[in-house]
Amino acid sequence: AAAAAPELTAALRLAARPPRAAALDALGAFASRGLLSGELLAEAVRGAAALVSEADLGLAASALALGASALAAAAKPAAAAAAAAAASEEMAPRALVLAASPLLQGPAAAALSDFFVALARRAGSGGDVVAALLDAGRAAAAAPSSAAAAAAAAASSSGAASTSSGSRGVLHSIARLVAAVLCPADGEETAPGASSSSSRVVKSILAEASGGGGSGAQVFATLCLGEIGRRGGLARDASLASEVREVLAARMASESSSDELARAAASALGAAAAGGVAARARGGKGGRGGDEAGGELLSWIADRVAAATEAAVAELAAIDVEAGDLKSAAAPRGAYLLLRSLNEAIVDIAAAAAASSSEASQQQQQLLLPEAAVSRLLEVLLAAAEAGADDEARAVASEGAGHLARADPTRVLS
């Protein structure tokens, strides 16, 4: 491995793609097995850093995997700090640029997440990585890519909303990276410097999300809250979860919130509810707070949907058709967005149920919820579908009921 490494590193600079891809795979295998010295590993990472770009996401994914392996090796006492320095100083800036690419997806997105998590695990750098990602997200929100700007200009000229789906995707991608660093998955170590400041960082994000104006930075902060909640990051602190819930609900209900911000808040609220339920199901790692931040949040959303349905039924009953009182009965935006939140939570909880069930047991899979909760959700969704004030609200409620039935056919359809 030591003899081949210099030649493989040199191959990373060739014009042809096949030798570069093969060299990256070989160097990655050497690095993951600890077969390279610190100096050789640093040279390999420096060579691979140039391949981290949106021009070739396949090569970028392999290069980032090599960087993550180098950072893991550098965390060992006997490893040279040069490898970690090469990853953090030369690869990390390019990784931040890639994070803001609207083309990021699939294996490259997963490799980017692994790289930043590995980077954050370096002693004392967790908080720095989170800060860099938050700055990248704010910058992307303030200055969308040229493609996103062109789409926004086209939408503006046609009278549509000015925020493009491309810029939304970028902000969501960076929000997922922030959550991955702050909230490690089961079995992963918490990044040094990230755990101790996690609550403080979430509170600062919450303050930004609760601000006024409906700016892109506010949308980004809201998406971050949703992704942190999705990973169970709010389940350990019921008080913080309650604050997040109130802010998101206020953004959904406020007429001053832009459509983009209101939709982001609805998605974030549903993600937080699902994440809390998953955290509780993993064995109560969040303690009592997991119950309050998970199941209680889901019940809170369901209760609000039920109340909105009752109000819609009462409003429809008060319409005097013979007197010509045919006022619009369209669902208020807040009520419709609550339905979207509930649907988002059910989709995430259903995905968790499917992931925990083998193919042989798909017929017996169940949601991570008690039977009473499943019955309550079905009741709320069917009532909303039947009494929906408009086709869109009925469609969302019906979709949620369908996801519920697919995820837990035994209890829902029996």
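In which helix does Glu227 lie? The legends below answer this and then turn to other parts of the structure, which is a predicted model.

**Figure 1. Overview of the protein chain, a predicted model with 19 helices and zero strands.** The chain has 414 residues, and buried residues make up 47% of them. Its accessible surface comes to about 18500 Å², and 54% of this area belongs to carbon and sulfur atoms. Among the contacts in the chain with a separation of 6 or more, 72% are accounted for by residues 24 or more positions apart.

**Figure 2. Close-up of Glu227 and its surroundings in helix α11.** Glu227 belongs to helix α11, which covers residues 216-230. Is Glu227 buried or exposed? With a relative accessible area of 6%, Glu227 is buried, because a residue under 20% counts as buried. When residues up to four places away in sequence are not counted, Glu227 touches His172, Ala175, Arg176 and Ala179. With one of these, His172, the side chain of Glu227 also makes a polar contact of 2.9 Å.

**Figure 3. Close-up of the salt bridge between Glu227 and Arg230.** Side chains of opposite charge can pair when their charged atoms come close. Here the side chains of Glu227 and Arg230 meet, with an N to O distance of 3.1 Å. How far apart in helix α11 are Glu227 and Arg230? The two residues are three residues apart in this helix, so about one helical turn separates them. Glu227 is buried at 6% relative accessible area, whereas Arg230 counts as partly exposed at 26%.

**Figure 4. Close-up of the network of salt bridges that links Glu227, Arg230, Glu344 and Asp348.** Besides Glu227 and Arg230, this network includes Glu344 and Asp348. Asp348 has its place in helix α16, residues 333-355. Which residues are in contact with Asp348, leaving aside its neighbours within four places in sequence? They are Arg230, Ala271 and Ala274. Another residue to locate in this view is Ala272, whose C-alpha atom is separated from that of Asp348 by 9.9 Å. Along the chain, Asp348 and Ala272 are 76 residues apart.

**Figure 5. Close-up of the salt bridge between Glu260 and Arg263 in helix α13.** A search of the whole structure finds 13 salt bridges, and the pair shown here has an N to O distance of 3.0 Å. Glu260 and Arg263 are three residues apart in helix α13, so they are separated by about one helical turn. Glu260 counts as buried at 10% relative accessibility. Arg263 is partly exposed, with a relative accessible area of 38%.

**Figure 6. Close-up of the salt bridge between Arg376 and Asp303.** The side chains of this pair meet with an N to O distance of 3.0 Å. Which helices hold Arg376 and Asp303? Arg376 lies in helix α17 (residues 371-387) and Asp303 in helix α15 (residues 295-317), so the salt bridge ties together parts that are 73 residues apart in sequence. Arg376 is partly exposed, with 31% relative accessible area. Asp303 also counts as partly exposed, at 36%.

**Figure 7. Close-up of the largest nonpolar core, which has 127 residues.** Which members touch the most other members of this core? They are Leu64, Leu112, Phe115, Phe116, Leu298, Leu342 and Leu367. Helix α13, residues 259-281, gives the most to the core, with 11 residues. The surroundings of Leu342 serve as an example. Not counting residues up to four places away in sequence, Leu342 touches Leu298, Ile301, Ala302, Val305, Leu377, Val380 and Leu381.

**Figure 8. Close-up of the aromatic pair formed by Phe115 and Phe116.** In this structure the count comes to one aromatic pair. The rings of Phe115 and Phe116 lie 5.6 Å apart, centre to centre, with 65° between their planes. The pair is edge-to-face, because planes over 60 degrees apart count as such. Phe115 is buried, with a relative accessible area of 0%. Phe116 is likewise buried, with 2%. Both residues are also among the core members named in the preceding legend.

Conventions. Residues are numbered from 1 along each chain as its sequence is written. This is a predicted model: local features need pLDDT of at least 70, side-chain atom pairs count only at pLDDT 80 or more; totals for chains, interfaces and linings use all residues. Side-chain values use heavy atoms; hydrogens and water are left out. Helices (H or I, at least four residues) and strands (E, at least two) are DSSP runs, numbered from the N terminus. Buried means under 20% relative accessible area, exposed over 50%, partly exposed in between (1.4 Å probe, protein chains only). A polar contact is a pair of N or O atoms within 3.5 Å; within protein, one must be able to donate a hydrogen and the other to accept it, and residues adjacent in sequence count only if both atoms are side-chain atoms. Contact means heavy atoms within 4.5 Å. A nonpolar core is a set of buried Ala, Val, Leu, Ile, Met, Phe, Trp, Tyr and Cys residues joined through side-chain atoms within 4.5 Å. A salt bridge is a side-chain nitrogen of Lys or Arg within 4 Å of a carboxyl oxygen of Asp or Glu. Accessible areas come from the Shrake-Rupley method with a 1.4 Å probe; for residues, only the protein chains shown count as cover. Rings of Phe, Tyr and Trp (its six-membered ring) pair if their centres lie within 6.5 Å; planes under 30 degrees apart count as stacked, over 60 as edge-to-face and the rest as tilted.
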